[in-house]
Amino acid sequence: TSGKVIKCKAAVCWGAGERLKIENIEVEPPRAHEVRIKILYSGICHTDEYTRSGADPEGAFPIILGHEGGGVVESVGEGVTSVKVGDHVIPLYTAECRECKFCKSGKTNLCGKVRTTQGQGLMPDKTSRFSINGQQILHFVCVFNSRFQVDGSFDILQYTVVADVSVVAIDKKAPLEKVCLLGCGITTAGALLQNNPASGSTVAVFGCGCVGLSSINTAKQSGHHAQTDPGYLVELTDGGLDFTFDATGNVDVMRAALEACHKGWGISTVIGVAAAGKEISTRPFQLVTGRVWRGTAFGGVKGRTELPGIVEDYLQGKVKVDEYVTHEFDFADINNGFDAMHAGDCIRAVVDV
Ligand code: AHE
Ligand code: ZN
């Protein structure tokens with residue numbers, strides 16, 4: 001298949017608020033510094049639903065959603081040295097080029113190299129690798145949910161194309177149907193560790209989806225006391241928490257999380273993604289009196305440098321992943337995976353692409 005267009009099926013969202021439709025699409029080969037990946041599994045994240053629903057100010061259509069994938073490198077474009085055909089990989093919605101101002105700063109995991117085009121649903125050269133009868137279909141962040149047939153054969157394969165700075169090879173021993181969650185939810189929850197909390201700190205996490213629950217485990221495993229009941233918090237902690245996290249995306253909850261922080265030193269970290277037009281507010285006095293309001297993406301993790309180590313930690317039982325997969329769906333039932341997120345009993349649904 002290397003160097004050839006692959007014909008396949010993909011779950012396409014044609015417009016804001018529409019259900020995904022399974023369509024025949026064409027996937028072009030990777031160009032220079034691009035990687036074509038056979039995606040085997042993809043988790044469904046609230047951010048996929050957020051964009052599908054029309055709440056994302058950057059949302060553009062038609063698009064193929066998905067950004068929590070696990071797969072195998074099918075082919076690489078010219079100049080790709082970081083991964084090779086056959087590698088097991090996780091695509092990264094937060095790239096790591098190691099060359100831009102952000103990457104070189106040593107202060108952030110955010111990378112500037114592909115962010116602008118990624119937000120437009122395009123590859124770095126401002127084009128898409130996906131099309132339907134010549135009509136361009138956009139990429140979402142970096143992964144591609146699809147099931148498709150290579151010309152004339154009955155093989156079921158599934159592919160996406162990403163920039164080489166947006167993908168990392170991991171240990172082949174790790175089950176991709178589980179560690180795909182490290183492509184977003186579980187890794188994002190590592191936000192706690194970014195604050196270098198002293199052992200014994202009090203931590204509250206607002207929002208108990210994949211990110212929230214995993215944050216609680218991170219807190220517990222690093223020797224902190226985690227609580228999730230906001231009503232109980234300020235009283236219980238004699239003045240407030242050392243650290244709080246919003247994993248809801250609800251701006252009122254973000255405010256509550258800040259204000260549940262201890263005067264003088266409490267740090268509240270925003271992880272949740274809020275809808276278009278939403279803004280946060282609090283009395284400035286909350287900050288004057290020493291609370292810090294901050295945010296983080298992808299848990300502050302530099303994907304290419306750090307994700308392989310997180311996979312090793314998972315393999316050694318130090319990072320929980322399997323526990324968060326509560327639902328599994330076939331590709332044809334992908335819309336049911338989106339419905340499951342609204343039903344309340346779903347931590348993560350993984351699609352067998
Ligand atoms: N496009 C939105 C923002 C979306 C957003 O905040 N995305 C998260 C990843 S969500 C994963 O589930 C993020 O980390 N963003 C960092 C980045 O560089 O986009 C908007 O409001 O415009
Ligand atoms: Zn996500």
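**Exercise 1. Determine where confidence in this predicted model is lowest and where it is highest, in terms of pLDDT, the predictor's confidence in each residue from 0 to 100.**

Solution. Begin with the extremes: strand β9 (residues 146-149) has the lowest confidence, with a mean of 37, whereas helix α2 (residues 101-105) has the highest, at 98. Helices (H or I, at least four residues) and strands (E, at least two) are here DSSP runs numbered from the N terminus. Next, take the stretch over residues 145-156, where pLDDT stays under 50 and for which the model has 37 contacts beyond four places in sequence; a contact requires that the C-beta atoms of two residues, placed from the backbone, lie within 7 Å. Finally, set this against the protein, whose average pLDDT is 88, with 93% of the residues scoring at least 70.

Because this is a predicted model, local features need pLDDT of at least 70 and side-chain atom pairs count only at pLDDT 80 or more, while totals for chains, interfaces and linings use all residues. Residues are numbered from 1 along each chain as its sequence is written, and chains are lettered from A and ligands numbered from 1 in the order in which they are written.

**Exercise 2. Compare the radius of gyration of the protein with that of a compact globule.**

Solution. The radius of gyration is taken over C-alpha atoms, and the globule rule is 2.2 Å times the number of residues to the power 0.38. For 353 residues the rule gives a value near 20 Å, and the protein has 20 Å, so the two agree. The C-alpha atoms fill a box of roughly 70 × 40 × 35 Å along the principal axes.

**Exercise 3. Identify which residues of helix α1 are buried, and what they pack against.**

Solution. A residue is buried if 20 or more other C-beta atoms, placed from the backbone, lie within 10 Å of its own. In α1 (residues 46-53), His46, Thr47, Asp48, Thr51 and Arg52 are buried. The buried residues of α1 pack against β1 (6-13), β3 (34-44) and α12 (334-343). Just after α1, Gly54 takes a positive phi of about 95 degrees.

**Exercise 4. Describe the surroundings of ligand 1.**

Solution. A residue is near the ligand if its C-beta atom, placed from the backbone, lies within 6 Å of it. The residues surrounding ligand 1 include Cys45, Thr47, Asp56, Glu58, Arg115 and Cys184. By class, the shell divides into eight nonpolar, one polar and three charged residues.

Definitions and conventions
Ala, Val, Leu, Ile, Met, Phe, Trp, Tyr, Cys and Pro count as nonpolar, Asp, Glu, Lys and Arg as charged, and the others, Gly among them, as polar. A residue is buried if 20 or more other C-beta atoms lie within 10 Å of its own, exposed if 12 or fewer, and partly exposed in between; C-beta atoms are placed from the backbone.
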